[in-house]
Amino acid sequence: MFFNGTQFSLIVLSMVLVIPMAVKVFYPIYFKMQLTSCYEYLGIRFGKRLRIFGAILYIIQMSFYTSVAVLAPAIALSKATGLNTRLAVGLIYLVCVFYASQGGMKAVVIADTFQ
C-alpha cells in the first residue's frame, strides 16, 4: 500500500461483497439447472453467439493476466542469473506447461526428485 495506495484494498473490498452474492444468487441457479460453468448458462439463456463472445473475452483477459504473471518472475530471474529476459520468459512457460501437463502433485514430486 506504500507504493500503490489503497487500490488493492478496493479489490479486497469488492471480493468481500461479490463472493457472498455469488453464493446466494448464482450458485443455486447453476445447481438447480445442473450446469458446470457460466458458459453453459450463457448458451442456454442468450444463445451460442454470446457464449462464444464470453469465452473469447475470458481468453483475452487470461492472456493479459498470464503475460503479467510470467513477466514479473522472469524479470527477477533475469536480474538474479543474468539470463536474457525473453529466455527467462520461455523457461518459465516451459516449466508451467510441464507442471500442468504432469498433473500438479506428480510434477512437484518429479521436480523435488531432480532437486
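**Helix packing, the largest pocket and two individual residues**

Helices α3 and α4 are oblique to each other, an assignment that rests on a predicted model. The two helices, of which α4 comprises residues 85-102, pack at an angle of about 120 degrees, with their axes 8 Å apart; because an angle counts as roughly perpendicular from 65 to 115 degrees and as roughly antiparallel over 145, the pair falls into the oblique class. The handedness of the crossing between α3 and α4 is right-handed.

Two packed helices are described by the angle between their axes and by the distance between the axes, and the same description can be given for α2 and α3. Helix α2, which spans residues 38-46, has an axis that comes within 7 Å of the axis of α3, the two crossing at roughly 150 degrees. That angle makes α2 roughly antiparallel to α3, since the cut-off for this class is an angle over 145 degrees. As α2 passes α3, the crossing is right-handed.

Within α3, which covers residues 48-81, lies alanine 76. This residue is partly exposed, its relative accessible area being 46%, a value that falls in between the limits of under 20% for buried and over 50% for exposed residues. Alanine 76 and alanine 88 are 12 residues apart along the chain, and their C-alpha atoms are separated by 9.1 Å.

Rolling a probe the size of a water molecule over the atoms shows where empty space is left. In the present model, the largest pocket has a volume of about 280 Å³, and its lining is made up of Val18, Ile19, Ala22, Cys38 and Gln61. Helix α1, formed by residues 7-33, supplies the largest share of this lining, namely 3 residues. When the lining residues of the largest pocket are grouped by class, 4 are nonpolar and 1 is polar, whereas no charged residues are found among them.

Attention may finally be given to the loop between α1 and α2, where glutamine 34 is placed. Most residues other than glycine have a negative phi. The phi of glutamine 34, by contrast, is near 55 degrees, and is thus a positive value in a residue other than glycine. Glutamine 34 is also exposed, with a relative accessible area of 71%, which lies over the 50% limit for that class.

Note on methods
Residues are numbered from 1 along each chain as its sequence is written. This is a predicted model: local features need pLDDT of at least 70, side-chain atom pairs count only at pLDDT 80 or more; totals for chains, interfaces and linings use all residues. Side-chain values use heavy atoms; hydrogens and water are left out. Helices (H or I, at least four residues) and strands (E, at least two) are DSSP runs, numbered from the N terminus. Buried means under 20% relative accessible area, exposed over 50%, partly exposed in between (1.4 Å probe, protein chains only). On a 1 Å grid over the protein atoms alone, a cavity is a set of points where a 1.4 Å probe fits but cannot get out, and a pocket is an open set with protein on both sides within 12 Å along at least five of seven lines; lining residues have an atom within 4 Å of a point. Grid points are joined across faces, edges and corners, and a volume is the space filled by probe spheres set on the points. Ala, Val, Leu, Ile, Met, Phe, Trp, Tyr, Cys and Pro count as nonpolar, Asp, Glu, Lys and Arg as charged, and the others, Gly among them, as polar. Axes are lines fitted to C-alpha atoms, for helices over the stretch in contact, and angles run from 0 to 180 degrees between N-to-C directions. Angles under 35 degrees count as roughly parallel, over 145 as roughly antiparallel, 65 to 115 as roughly perpendicular and the rest as oblique. A crossing is left-handed if the near helix is turned anticlockwise from the far one by less than a right angle, and right-handed if clockwise.
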